[in-house]
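Here's a quick tour for anyone about to load this model into a viewer. Have a look at the fold first, then read on.

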Amino acid sequence: MKKLNLILLSVGAVFALTGCNDGPTGEKITYAKSAQEVYDQSCKKCHGANGEGNTEKKAPALNDRQAGELELDLYDVKNGGTNQSSGTDHDIMEHNMKKLIDKGYDYDPKAMALYIEKSFFKMPSPEDTEEETPATEEAPATTETPTTEEANATR
Amino acid sequence: MNKKQMKEGIELIDAHFKGEGISRRDAMKLFGTSGAAALLATGATTTPVQASEAKGKIVIVGGGLAGMSTAARFTNSLDNPDITVIEPADMATSYQPGQTLVGAGIWEGSAVDYKTADFVPSGVTLIKEKAVEFDPDKNTVTTASGKKIGYDYLVVAAGLKLDFGKIEGLGITETITTRGDDKAVRKVVGKNGISSIYFANGAIDTWANMQQFVDKAKSGKKVKGIFTHPNTPIKCGGAPKKIMYLTDARLREAGARDNAELMFYPNGSKMFGVSEYHNAIQRQFEARDMKWNYRHNLVAVDTEKKVATFNKHWKQKGAWDEDLEEYGIEMKNEKVEVPFDFLHITPPMKAAEEIGSSPIGSSKGWVPVNKETLQHVKYKNVFALGDIAAVPMGKTGGSARKQYKVVVDNVIAMMEGKSELPSKYAGYTVCPLITSIGTVMLAEFNWTKKPTPSFPLDPTQERWIWWLLKVYALKPMTQYGMLSGRA
Ligand SMILES: Cc1cc2nc3c(=O)[nH]c(=O)nc-3n(C[C@H](O)[C@H](O)[C@H](O)COP(=O)(O)OP(=O)(O)OC[C@H]3O[C@@H](n4cnc5c(N)ncnc54)[C@H](O)[C@@H]3O)c2cc1C
């Protein structure tokens, strides 16, 4: 039993000390087109000139959420869902995305999210939010989280 | 246990410490050697050296694993902490990962029970209520009894709710938490072979059902066990499979495996988002004659007849789409009925209604935060972590263990008036995938979707030492290391 304890202690110690390896954060990917170019040349056709969506194409609006949230959706679409076996509600867009990447319309999710927010974001109208807080007017200007330094870079 | 495995374990550990530039002996001294619990309790590897003098009122909503660990770390890190935790449950700090072991009869139910009151750090105010209203423009939270609480910084760590109500035929309309009042669910889930380890009492009932199932197979009857995985993000994405592996192990132990068919029905079309682990799991399933059927989402259960109904969905080539300059795809679906003797349900999950649909929630229900800094996308003095945060791939205790340090660092930086948030979460998650009684595959990964092993070992192998880690070491590490804000 003594030996077993020793192993246990050691394994635990290793895990507590050095476990949770942050690991590599991925190679730097460079993209052929900027987020704006990709949006104008492709996304726009289905999601609208102002990100307002297109009912005929069944493409939802992208101008109703802020960059942080949109980045998560873009991440989801590009990665086929983010949970082990849950799948995704984005089978169609996932298919589209694969084809678009083949055609050179790849992009950095963070840069795309920031571009869409900066260019198109609209606070949902009061009847959607049930709260009429006037303070929200300034939101678009103040909300973007990181600066654009990473715009065309990494991950 | 066998000598060879023991030797492998020791050698591995020695090699590891050698790589770190210290001997195993010194490492052990560093920790003290009086038992795993004490060891890990003193494993103060990341306690901040210098306490901060920054001031500010911090309110934490949810005092489960993530919330209480955050409270403890703030307490350790601040000279003048002013911390309030809002948590209604008596057993919020219980050890949920152990429920998988309870469900397979490896642990007693009581082995995972830990009282909230025993883990409240000294100096922290606990309000034993639910937070029901959020006004982030005025920096206030209101509790169920109507108490309005102001804050300078709000940390949301309210976990998630189990939504059995989405499954027709169970007659359940309420959502429940893993450690809260489960009456609404337990009256159905736990009976007739219908099981779920996702709530604590459900895990106890799962073991009772599993024993009946094994006995039936042993008596010579042909039986069928089915295991579901829903179309929502879930906590511990591996648990739906772990309980299946353990059912397989119990059947083998009884010599009755040949009489049982075991089938996994996930909504998705993968075993794992990381391809190395996906492949390894498929191989392990094949080796055990465990079957799977992708793209099936459980939508209804006939509890009397013991029939589960799935929505089977698939993609089909669609019309030419000129905007895509390619053929599009069309989605097809049909209902499929499957009879069962044993059904393990992993229910759909979502954020608590009072939070998901509040101003700090989002259309998807989770609390949207910058996935690296964990700061709310709209409200800068609001942070979220743990299962409720809309962070890709998270929702494990292992990811919360990385996140709570990030939140504490970043809030303190804000309190100190720094303009940059210094700490970033990189998406680390760990899933100790139990593959039999005695083996575990330690799947560690992050947003690069590559394995990120902490040990210099092939991470796709099932190993006995990870079983030891899972069954003996992780609980004390969590209960005494993490919940005290240290490790
Ligand atoms: C069966 C099972 C197996 C698992 N296996 C593993 C594993 O192997 N490895 C691993 O790392 N993780 C595992 N997990 C996941 C792990 O337990 C969770 O990820 C972890 O508990 C998340 O911590 P949390 O604080 O976010 O949520 P919880 O620990 O669930 O705490 C949330 C708390 O918030 C409270 N709350 C909810 N709403 C409100 C409100 N409105 N106001 C105030 N308080 C509120 C709840 O009462 C609850 O106590 C498993 C979980 C289960 C169920």
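What follows goes through the two chains and then picks out a helix, a run of strands and a few backbone oddities.

## The two chains at a glance

Keep in mind that this is a predicted model. Chain A is all helix as far as its regular elements go: seven helices and zero strands, which read α-α-α-α-α-α-α from the N terminus on. It has 155 residues, and 47% of them count as buried. About 8,000 Å² of chain A is exposed, with carbon and sulfur atoms supplying 50% of that area. Among its contacts between residues at least 6 apart in sequence, 63% join residues at least 24 apart.

Chain B mixes both kinds of element, with 12 helices and 20 strands. Here 62% of the 487 residues count as buried. The exposed area of chain B comes to about 18,800 Å², and carbon and sulfur atoms account for 48% of it. Taking the contacts in chain B with a separation of 6 or more, 65% are between residues 24 or more positions apart.

## A covered helix in chain A

Helix 3 of chain A covers residues 67–79. Its 13 residues reach 18 Å from the first C-alpha to the last, close to the 18 Å expected at 1.5 Å a residue. What is it like on the outside? Mostly covered: 12 of the 13 residues in helix 3 of chain A are buried.

That buried set isn't just greasy side chains by name; among its members are Leu70(A), Leu72(A), Leu74(A) and Val77(A), but also Glu69(A), Glu71(A), Asp73(A) and Asp76(A). Which helices do the buried residues of helix 3 of chain A pack against? They pack against helix 4 (91–102) and helix 5 (109–120) of chain A. Just past the end of helix 3 of chain A sits Gly80(A), with a positive phi of about 65°.

## Strands 10, 11 and 12 of chain B

Strand 11 of chain B (residues 260–266) is a good anchor for this part of the fold. Six of its seven residues are buried, so the strand is largely enclosed by the rest of the structure. On one pairing, seven bridges join strand 11 of chain B to strand 10 (residues 223–229) of chain B, and the two run parallel. Thr228(B) stands opposite Tyr265(B) in that pair. To get from strand 10 to strand 11 of chain B, the chain goes through helix 8 (residues 239–253), making a right-handed β-α-β crossover.

Strand 11 of chain B also runs parallel to strand 12 of chain B, this time with two bridges. Met263(B) stands opposite Lys291(B) in strand 12 of chain B. Together with helix 9 of chain B, strands 11 and 12 of chain B make a right-handed β-α-β unit.

## Positive phi without glycine

Two residues in chain B are worth a click in a Ramachandran plot. Asp289(B) has a positive phi of about 55° although it is not a glycine. It lies in the loop between helix 9 (275–287) and strand 12 (291–292) of chain B. Because its relative accessibility is 45%, Asp289(B) counts as partly exposed.

Leu374(B) isn't a glycine either, and its phi is positive at about 65°. This leucine is found in the loop between helix 10 (353–356) and strand 18 (382–384) of chain B. Is Leu374(B) buried or exposed? With a relative accessibility of 0%, Leu374(B) counts as buried.

Notes:
Residues are numbered from 1 along each chain as its sequence is written. Chains are lettered from A and ligands numbered from 1 in the order in which they are written. This is a predicted model: local features need pLDDT of at least 70, side-chain atom pairs count only at pLDDT 80 or more; totals for chains, interfaces and linings use all residues. Side-chain values use heavy atoms; hydrogens and water are left out. Helices (H or I, at least four residues) and strands (E, at least two) are DSSP runs, numbered from the N terminus. Buried means under 20% relative accessible area, exposed over 50%, partly exposed in between (1.4 Å probe, protein chains only). Two strands pair if DSSP finds at least two bridges between them. A crossover is right-handed if, with the strands pointing away from the viewer, the path from the first strand over the helix to the second runs clockwise. The expected span of a helix is 1.5 Å times one less than its number of residues. Contact means heavy atoms within 4.5 Å. Accessible areas come from the Shrake-Rupley method with a 1.4 Å probe; for residues, only the protein chains shown count as cover.
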